[in-house]
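Me: I'm new to reading protein models, and I'd like to take a close look at one single part of this one. Could you walk me through it in plain words?

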Amino acid sequence: MKPLLVIDGDSLAHRAYHALPKTIKRAGGKPSGAIVGFTNFLVRLWEAEQPRSVVVGWDTLEVPTYRHEAYEPYQGGRVFEPALLEQLPMLPELVQALGFTAAKAPGYEADDFLAAAVAAARKKRWPALVVTSDRDSFQLASSSVTILTPTRGVSELARIGPDEVRERYGVEPKQVPDFIALRGDPSDKLPGAPGVGPKGAAQILREHGSLERALKAGRFAPIAEELRLYRRIASLDASAPLPPLEDQSPLWAEASSLLSRWGMNQMADRLAARAEPSK
């Protein structure tokens with residue numbers, strides 16, 4: 001059965017931007033490296049995986065999420081280069097021009113749309129491939145859900161299922177939010193439990209089964225509420241508002257036209273060639 005392809009748009013856009021020379025420009029001397037890299041990667045994914053449809057989730061950077069409101073240090077100190085920020089808002093439009101689904105809403109992160117798409121695929125009994133460099137997504141791995149995570153730029157992908165999550169973290173996929181809460185996550189500014197590293201977090205979960213059970217057993221009593229908050233922050237929100245899922249075929253000509261309007265003629269020509277019957 002063809003899979004649903006679910007993509008963390010911001011994650012891949014950032015990797016594409018940093019993997020390509022900053023000298024790549026479109027008409028008017030405006031930066032376009034993120035657009036070029038993201039488009040190339042999306043096309044390669046479609047051709048390699050032959051999915052039934054594509055959902056790309058996006059952050060809304062202008063609006064805080066409940067995570068930011070509940071924990072002020074969350075993701076603090078992140079600074080994005082202006083050249084990347086200029087290109088990010090253009091990418092959901094490109095996704096839609098390709099005939100794919102762009103999922104974005106204030107108060108939700110791209111990760112939340114990954115969880116919502118996986119939940120929707122599960123109801124339809126579709127397998128899903130989740131493409132992201134964010135390891136929080138390992139909580140989504142299952143017999144029908146595989147995580148594809150870039151290992152070198154955006155050119156190579158590792159496939160992560162439940163066995164790989166167990167091998168890497170020593171826990172079950174469903175325990176990943178508990179694991180992150182205990183171990184901490186420097187990229188999100190979550191400190192975790194004092195003195196507890198990856199091995200210690202895995203051991204605690206093997207002993208107790210969950211963070212909540214460990215807390216009820218008296219572990220970490222002085223910071224119990226903080227750890228519950230960290231777990232909530234690390235848990236993906238499958239209630240994110242996802243458009244209906246339908247089978248799709250790429251609209252290469254429409255995307256080519258959009259890229260042409262943006263002054264990216266070389267990329268536009270490459271997509272236009274895919275729209276030709278002989279291609």
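Which residues of helix α5 are buried? And please fit that helix into the picture of the chain around it.

Reply: Sure! One thing up front: this is a predicted model. The buried residues of α5 are M90, L91, P92, L94, V95 and A97. That is six of the helix's eight residues, so α5 is largely enclosed by the rest of the structure. "Buried" here has a cut-off, by the way: a residue counts when its relative accessible area is under 20%.

Now for a neighbour. Helix α5 covers residues 90-97, and its axis comes within 8 Å of the axis of helix α12, residues 252-261. The two axes cross at roughly 150 degrees. Anything over 145 counts as roughly antiparallel, so that is the label for α5 against α12.

Who does the touching? On the α5 side you'll find E93, L94 and A97, and on the α12 side E254, A255, L258 and L259. Sorted by class, this contact has five nonpolar residues, two charged ones and no polar ones. Notice that L94 and A97 turn up in the buried list too. Here's a handy bit of background: an α-helix has 3.6 residues a turn, so residues three or four places apart point the same way. Try that idea on the contact residues when you rotate the model.

Follow the chain just past the end of α5 and you meet G99, which takes a positive phi of about 90 degrees.

Step back the other way and there's helix α4, residues 82-87, where L84 sits. L84 is buried, with a relative accessible area of 2%. Leaving out residues up to four places away in sequence, L84 touches A13, H14, Y17 and A34. Take A34: it is 50 residues from L84 in sequence, yet their C-alpha atoms are 6.8 Å apart in space.

How does this sit in the whole chain? Among contacts between residues at least 6 apart in sequence, 70% join residues at least 24 apart. The chain has 13 helices and eight strands in total. Its radius of gyration is 20 Å, close to the 19 Å the globule rule gives for 279 residues, so the chain is as compact as a globular protein of that length. Along its principal axes, the C-alpha trace spans about 65 × 40 × 30 Å. Over the full 279 residues, 52% count as buried. As for the outside, the chain exposes about 13000 Å², with carbon and sulfur atoms supplying 50% of that.

Notes: Residues are numbered from 1 along each chain as its sequence is written. This is a predicted model: local features need pLDDT of at least 70, side-chain atom pairs count only at pLDDT 80 or more; totals for chains, interfaces and linings use all residues. Side-chain values use heavy atoms; hydrogens and water are left out. Axes are lines fitted to C-alpha atoms, for helices over the stretch in contact, and angles run from 0 to 180 degrees between N-to-C directions. Helices (H or I, at least four residues) and strands (E, at least two) are DSSP runs, numbered from the N terminus. Angles under 35 degrees count as roughly parallel, over 145 as roughly antiparallel, 65 to 115 as roughly perpendicular and the rest as oblique. Contact means heavy atoms within 4.5 Å. Ala, Val, Leu, Ile, Met, Phe, Trp, Tyr, Cys and Pro count as nonpolar, Asp, Glu, Lys and Arg as charged, and the others, Gly among them, as polar. The radius of gyration is taken over C-alpha atoms; the globule rule is 2.2 Å times the number of residues to the power 0.38. Buried means under 20% relative accessible area, exposed over 50%, partly exposed in between (1.4 Å probe, protein chains only). Accessible areas come from the Shrake-Rupley method with a 1.4 Å probe; for residues, only the protein chains shown count as cover.
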